[in-house]
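Me: I have a complex here that I'd like to understand before going back to the bench. Could you walk me through it, one question at a time?
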Amino acid sequence: MTAVLPLDLAMAALLSWLGLGLLGFALGGYQTLACRAVFPLSTMGGLLLAAAGLWASTATPDVLQISGPFPVLPWSFRLDPLSGFFLILLGLLAAAVSVFATGYFRPLPAAALRRLFLQYQGFLLGMGLVLLADNAYTFLVAWEIMAIASYFLVVTEHEEEGSRRAGFLYLLIAHLGALAILLGFAVLAGVQILQGGSFAAMMQAQLSPFWASAAFLLTFFGFGAKAGLLPLHIWLPEAHPAAPAPVSALMSGAMLQTAFYGMLRVDFLFLPQAAEWWGPFVLLVGLASALFAVLFAAAQTDMKRLLAYSSMENMGLIMVAMGLALIFRAHGLNALAALALIAALYHALNHAFFKSLLFLGSGSVLHAAGTVAMDRLGGLIQRMPQTAFFMLVGVLAIAGLPPLNGFVSEWLLLQAFLLAPALPQSTLSAVLPLAASGVVLSAALAAYAMVKFYGISFLGQPRAHLPVHETGRWERSAMGLLAMACVALGLFPGVLIGLLDPVIREMVGQGLGQQGWLWLTPVSAQRASYSPVMFLFGIALALGVAFVLVWWRFGRPLRRAGVWACGFPLRTARMQDSPLGFVEPLLRIFRPVFQLRREALSTAAPRLGLQLGEPVTAYLYRPLAATAAWLSAQMVRLQQGRITVYLLYSFLTLLLLLALLR
Amino acid sequence: MLVSAHIAVWGTSLLKLLAAMLLLIGFAMLAQRRLLTLIHLLAWQGFVLALGTALVALLTGQTELWYSAALSLGLKALLIPAVLHRLLRRLKVRGDVEAVINIPTTLLLGIVLVIFAFSLAAPISALTGTITRGMVGIALAAVLLSFLMMITRRKAISQVVGFLAMDNGLFFAATSATLGMPMIVELGVALDALIGFVILGIFFFQMRETFDSMDLSHLERIREE
Amino acid sequence: MMLILLVLACAFVGIPLLGLWGYGRPGGWIFVAVNGLTLLAILALAGQVAMTGGFTAGHEQFVVDDFSMLLVLVDGVVGFSTALFSRGYMVREAAHWQLSRGRMRLYHVMFQTFLFTMLLALLTNSMGILWVAMEGATLATVLLVSLFRTAEGLEAAWKYFILCGVGLAMALFGTILLYFAAQRILGSGSQALLWTHLDGVRGQLQPHVMAIAFVFVLVGYGTKVGLAPLHNWLPDAHASGPSSVSAVLSGLLLNVALYAVLRTKVLVDGAVGPDFAAHLLMGFGLLSLLVAAFSMLRQRDVKRLFAYSSVEHMGLATFAFGVGGSVASFAGILHMLSHSLTKSAVFFSVGQAVQTAGSREIQRIHGLLEHSPVLGWAMMLAILAILGMPPSGLFLSEFLIITSTMHAQAWATPLLLLGLGVAFAAIFPRLQGMVFGRSPWTHGGPAPVAMLPVFVQLALVGLLGVFIPVVLVQWMQHAAAFLS
Amino acid sequence: MAANLFQVLQTLLVLLLAPLFAGYLQNARALLQNRRPAGILQPYRDLLRLFHKESIIAEGTSWLFRATPYLLFAAMWLAAGIVPILATALPLAPAADVIALVGLFALARVFQVLAAMDTGTAFGTLGARREMLVAAMAEPALLAALFTASLLSHSTSLSSIVDHLESLRFALHPSMVFAAAAFFMVLLAENARIPVDNPATHLELTMIHEAMILEYSGRHLALVEWAAQIKLLLYVGIGIALFLPWGIAPAGDLAALPAAAFWLALKLLAAGAVLAVIETLLAKLRLFRAPEFMATAFLLGVIGLLSYFMLGA
């Protein structure tokens with residue numbers, strides 16, 4: 001070991017997380033001390049990790065190998081710009097969330113807290129290892145560790161049947177996904193897999209088109225299961241709400257992105273000789289997921305479920321961008337592929353920040369109001385103003401409004417779409433803009449959903465009498481940090497894009513060139529330009545001028561009075577829209593998608609409620625489960641108790657085999 | 001020691017006769033309805049087996065085959081059938097052996113099995129010496145026949161009889177086809193047979209005290225549903 | 001050279017000792033002591049093998065090589081920890097079923113006999129003695145299965161006795177044919193059944209005879225391995241015996257039976273060529289995997305559940321050996337080792353759970369974590385390990401099996417995935433139901449020390465997944481090399 | 001320097017012109033419905049009156065409610081500095097291209113909706129959800145229309161679109177015809193005009209925009225109304241820039257200014273007339289027909305896109 005390298009730094013950070021888990025387990029008895037000690041330290045670890053990632057984007061990739069189960073199968077790690085970028089994401093997110101956790105988990109009983117420390121830090125560790133792994137075995141072990149740790153976190157309230165079901169669903173799909181990924185690796189690495197399948201060897205894999213497509217489909221299925229793409233998403237809206245808020249934040253913000261990382265690493269880097277149809281396929285799946293998810297997000301009545309569906313939507317958008325990149329690269333338009341990739345990575349980072357911000361916020365609401373059921377909330381902005389403000393930033397960001405970060409990535413994505421005419425294949429280039437308007441639709445609906453999210457729970461009158469109070473200092477500061485990150489990412493896209501440059505070069509061989517900090521001109525100044533800073537400055541200026549003028553000329557004291565409401569005398573909280581009522585038009589338009597059922601909510605106070613069904617479960621998973629049950633019923637017939645029948649089995653087996661010999 | 005040629009010829013044909021008898025008894029068992037006769041047949045089979053072993057010993061002059069001949073005479077022809085007989089009386093197991101399939105069909109199946117066994121063993125017997133030519137086929141046929149019998153019978157005891165008949169078939173294969181396994185193995189096999197038989201005895205009494213019947217239908221409770 | 005005999009002797013003297021004092025408190029302790037000594041002897045033997053490699057002893061009647069050494073090692077470990085577990089466990093069982101002193105003595109004697117026969121089967125050089133040992137093991141365990149004299153136990157034991165008896169008869173016939181073929185080259189006499197000699201001449205053995213012999217051996221020993229459709233005895237026997245017995249049935253017996261099949265496979269490969277045996281093994285393996293997986297999906301009885309899971313894992317290992325090639329065979333061996341360590345751990349914890357709940361109904365077991373964290377976590381970890389979650393050795397073996405299948409027999413991978421997925425879907429929710437939730441029981445759970453064997457074995461399994469000691473790796477590689 | 005002058009000029013011009021355009025519209029409608037028009041300057045009077053009135057804050061509302069009017073106004077004002085109504089290549093123009101402009105309008109809308117929900121009345125939420133629905137439906141159509149133009153001119157920045165379209169003058173683009181139709185329908189919807197909304201109603205069955213601003217009064221209401229008028233003018237301006245861009249002066253070219261002003265006046269008169277005619281002829285749609293209206297717009301936009309790719313124009 002001559003000099004310290006980024007990889008060593010990253011490893012140190014991960015080890016510190018491991019140690020902190022054990023420390024927390026040891027200290028668990030003294031809740032306050034443990035929380036105040038462990039979580040801030042793991043924030044440090046996160047920052048360290050982010051620093052390592054940042055450093056890696058400039059340094060040359062370095063490799064670390066530790067002797068593994070047997071000599072030819074080592075534990076091997078590698079840190080290149082791509083991993084570096086995701087390490088930054090993970091590190092920063094972990095840092096912020098840990099600050100939040102410091103305050104959030106303090107009330108837990110000692111036993112639960114001990115376990116939580118191990119699982120929380122193990123979860124972080126697992127994600128970090130996934131990003132660093134450099135051979136199939138290491139990757140899969142890390143992948144499963146991540147899955148198991150997060151599983152335990154999901155079933156923290158294991159007394160509830162629901163959270164147990166969620167956990168099972170989650171781990172089952174994660175396990176199947178892992179098996180698929182394993183097969184994909186096996187295809188990619190060929191004979192070499194038997195030495196653990198080092199990624200370096202997979203890069204050189206020469207596959208026939210058929211096997212390349214097989215590997216692509218297998219890995220895309222596997223990672224898609226983790227990313228919650230359309231048919232495989234059912235675990236997501238169950239698991240994310242079941243977990244405690246900081247964990248949901250990490251799952252949505254970071255864990256889903258590890259799936260995206262896997263796709264970039266395997267489906268993009270290892271399979272350069274992509275088939276024509278991969279890109280459109282990915283794009284289609286992404287778009288379908290996004291639209292489906294955003295509709296269901298809008299229809300949810302539970303804050304965390306809404307956010308979970310919206311995570312699925314954002315993953316869908318990222319997939320759209322990646323599909324676009326694949327399409328461009330398949331036709332050798334690497335510059336355009338670079339633009340699409342930047343959009344995808346940028347959105348990944350944005351999503352990490354605003355989604356975790358929103359999850360943390362709803363966690364605060366849960367602690368403050370004791371519920372996240374929107375039909376019992378309302379008017380929180382009065383009681384928890386600071387949380388409400390940070391949440392507002394998050395909502396505006398996720399709704400894709402300028403000058404915040406969500407808009408930047410969507411803008412980049414649309415710009416990439418508008419370059420479609422460069423494609424030689426005319427039908428494709430004709431269809432892509434339609435996909436673009438699909439993206440716009442999902443963005444607009446997302447705005448609808450988020451407006452509902454914020455308006456119903458934070459504005460208006462309280463729908464139930466709950467003792468609400470502002471959350472603790474730690475929580476608020478964490479949310480503040482994340483909100484600032486959203487603003488910063490929104491204002492200075494040029495900086496981040498410059499930072500992404502090495503990653504993009506690694507992926508497609510050429511970058512976008514440096515952007516100024518003020519102007520964002522991905523292609524050329526007269527093609528398209530956007531300057532969030534001037535944008536913000538303009539609005540601020542106009543606002544100030546207007547305000548000053550109005551006050552100066554017509555400034556009269558304001559008077560508070562009851563609402564007018566077209567002169568209707570009575571005004572009760574029940575007269576506001578209910579969470580479902582607010583999206584009633586959508587429910588009406590997309591009736592076939594949500595399988596609406598009307599049913600009496602309570603016999604005591606008879607009133608009808610709407611129940612949403614999950615079409616995928618109804619039309620895909622139930623039949624599957626039924627088939628499996630039927631098969632097992634047939635299997636079980638074998639074991640029907642009569643010894644003579646059992647003897648008959650072995651007799652027939654014997655005769656059959658002997659007959660084969662003849 | 002060397003034996004003169006015509007004894008060898010006579011002996012070989014005699015051995016073939018015994019083998020045929022073994023098979024015949026197997027069929028008889030398959031056809032038999034009454035338990036008591038079944039046990040007698042078993043005893044006869046044991047006797048034939050012992051005779052055959054002795055004959056092979058005489059022909060090949062392997063001394064340890066005499067021991068195994070004595071062993072099978074004692075165990076298979078005398079001791080086990082006698083004990084079974086007593087068990088039958090002690091446990092008051094009466095009446096017929098109701099078969100799962102009716103007898104003629106069973107016999108038909110048996111014939112098919114024998115043909116199958118011969119055709120399977122044909123290439124083997126081609127490369128055996130004069131004495132043991134075709135013995136593998138017969139032994140295989142005997143084993144399969146007793147297997148069939150175990151499948152088609154409903155009473156615990158009749159299954160045991162089938163099991164022992166199968167054992168006889170194996171012994172026959174061991175002695176006449178391979179001219180005797182190594183002694184240590186023979187002893188081990190015999191020991192296991194003995195222990196197994198003892199355990200069987202224990203079982204029967206346990207069954208009696210739990211189900212007070214020897215019918216297998218009591219032993220068909222455990223199943224998946 | 002004497003060490004082999006020492007191992008066997010250690011195991012053997014236990015039988016008369018326990019026959020004299022095998023009841024009450026001393027019985028349990030003697031049992032532990034005997035197996036502790038055996039384990040020490042085995043470790044010594046392992047040391048020697050590590051230094052000098054495999055060797056024969058006692059006029060070539062006994063042999064130890066890399067493959068058998070591995071299994072003997074696992075035998076020693078599992079045997080010892082089972083003895084430890086059985087001490088406290090059987091005291092409570094005896095109280096619950098009012099077992100007489102005689103019955104306890106019977107239990108210990110038979111158990112020790114079983115362990116002895118296992119070692120004998122692994123260490124003997126003669127295929128005949130191997131058969132004798134297997135038969136002896138069957139006879140020894142029959143009475144253990146029906147130890148409680150319940151109607152159910154009796155039925156299970158009877159089925160076990162008859163099915164395995166018939167199976168072993170087939171195996172004997174196969175052995176005879178083997179001898180018959182060997183005679184042609186090695187002449188009559190005991191050396192014609194000695195493995196070392198047979199291995200030397202396997203190329204010259206008559207193919208047709210060997211093929212028939214292998215079919216009989218496969219059907220015979222396969223019954224004891226629990227290959228579908230010959231597995232029907234297995235769940236019954238596992239369910240109705242004491243959990244300590246289920247642990248060794250799954251942990252040792254199945255392994256040794258598979259070992260016997262593999263020994264024969266090597267000879268047959270030499271005579272007939274590799275494909276014949278390979279196809280049979282793959283077929284049986286896949287069939288067992290699928291049948292077991294789907295049977296678990298509706299299982300209500302916790303011990304039957306894990307009996308089927310043993311069928312599943314044995315099927316997987318068999319399949320691996322069928323795929324062949326140095327890696328797949330390596331994976332198969334690793335799978336056998338990890339499985340017997342893990343599965344016995346599972347049965348230990350399940351046994352405790354069943355004692356706590358007083359029922360084998362999965363529905364009736366819940367809230368173990370709350371009732372006694374140590375038991376809850378023991379069960380949780382053991383079952384996660386058996387499901388092939390890292391860092392369990394089973395994860396590594398499944399990793400290797402699936403990957404090597406992918407590029408040797410790609411067609412089979414969907415079936416493998418189906419089997420593994422269904423098995424997961426079958427076991428995991430039941431695990432959650434048993435471990436999580438509220439605990440209805442007030443009385444204290446098992447003492448942490450009673451769970452020690454579980455955690456030790458799990459630690460070993462974890463080691464197999466993270467860093468396998470170099471010696472073991474070499475042994476496994478040699479074994480894999482000669483198996484394929 | 002001159003460019004900056006243009007910048008200031010246009011920003012102020014749009015600001016001051018907006019009520020006038022609204023007044024013109026009202027008058028034209030009145031005449032068409034043969035009512036006596038209230039005079040073209042009426043909107044100015046209304047605004048002034050409102051500014052002088054005391055403004056009341058509804059109880060139980062938060063700072064959002066109070067901040068929103070200023071924010072709406074500011075947003076529209078910024079937009080007024082970007083859209084090339086009088087001149088292209090304004091200094092501020094690069095700050096936001098078409099997509100960013102749509103984003104800017106969306107920002108304003110979201111704040112208005114949130115403010116409406118802040119009042120916690122049945123009307124507030126009702127208006128809010130209707131507004132969001134219409135917006136969600138309209139935006140894809142709008143983008144489809146804009147894409148046609150920007151694909152044609154390989155740019156999304158309005159200035160360069162205008163330049164490009166000007167350069168190929170009087171070339172007939174079938175795709176642009178469809179796009180224009182789509183854009184026009186969106187314009188009607190986004191500015192709360194008949195047939196989607198009725199600016200002059202207070203019946204809860206029909207109103208969308210009005211329902212959201214019910215609780216505003218005094219200067220707040222004035223700002224909101226003014227912002228709405230600016231928005232309408234801006235939309236018309238964008239329409240003009242996209243579909244009849246001829247005569248827009250390049251920034252800094254003082255000589256071209258009079259001509260540009262003349263052309264602008266002419267186009268605005270024409271556009272106002274068209275709007276008025278439409279609003280007289282059509283009736284307000286039932287609310288649940290609105291999505292179909294939007295879908296039609298979207299379809300037109302799509303046809304525009306496709307015809308661009310099929311006919312290459």
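Me: Among contacts in chain C between residues at least 6 apart in sequence, what share joins residues at least 24 apart?
Reply: Happy to help, and keep in mind that this is a predicted model. Two residues count as in contact here if their C-beta atoms lie within 7 Å. Of the contacts in chain C between residues at least 6 apart in sequence, the share joining residues at least 24 apart is 81%.

Me: How many helices and strands are there in chain C, and why is chain C described as being as compact as a globular protein of its length?
Reply: Chain C contains 19 helices and two strands. For its 484 residues the globule rule gives 23 Å, and chain C comes close to that, so it is as compact as a globular protein of that length, with a radius of gyration of 21 Å.

Me: What percentage of chain C counts as buried?
Reply: The cut-off for a buried residue is 20 or more other C-beta atoms within 10 Å of its own. Applied to the 484 residues of chain C, this gives 70%.

Me: Which helix gives the largest share of the side of chain A that touches chain B?
Reply: In this pairing, 12 residues of chain A are in contact with 13 residues of chain B. On the chain A side, six are nonpolar, four polar and two charged. The largest share, six residues, comes from residues 643-661 of chain A, which form helix α24.

Me: What is the mean pLDDT of chain C?
Reply: For the complex, the predictor gives an ipTM of 0.91 and a pTM of 0.93. In chain C, 100% of the residues reach a pLDDT of 70 or more, and the mean is 91.

Note on methods: Residues are numbered from 1 along each chain as its sequence is written. Chains are lettered from A and ligands numbered from 1 in the order in which they are written. This is a predicted model: local features need pLDDT of at least 70, side-chain atom pairs count only at pLDDT 80 or more; totals for chains, interfaces and linings use all residues. pLDDT is the predictor's confidence in each residue, from 0 to 100. Helices (H or I, at least four residues) and strands (E, at least two) are DSSP runs, numbered from the N terminus. The radius of gyration is taken over C-alpha atoms; the globule rule is 2.2 Å times the number of residues to the power 0.38. A residue is buried if 20 or more other C-beta atoms lie within 10 Å of its own, exposed if 12 or fewer, and partly exposed in between; C-beta atoms are placed from the backbone. Ala, Val, Leu, Ile, Met, Phe, Trp, Tyr, Cys and Pro count as nonpolar, Asp, Glu, Lys and Arg as charged, and the others, Gly among them, as polar.
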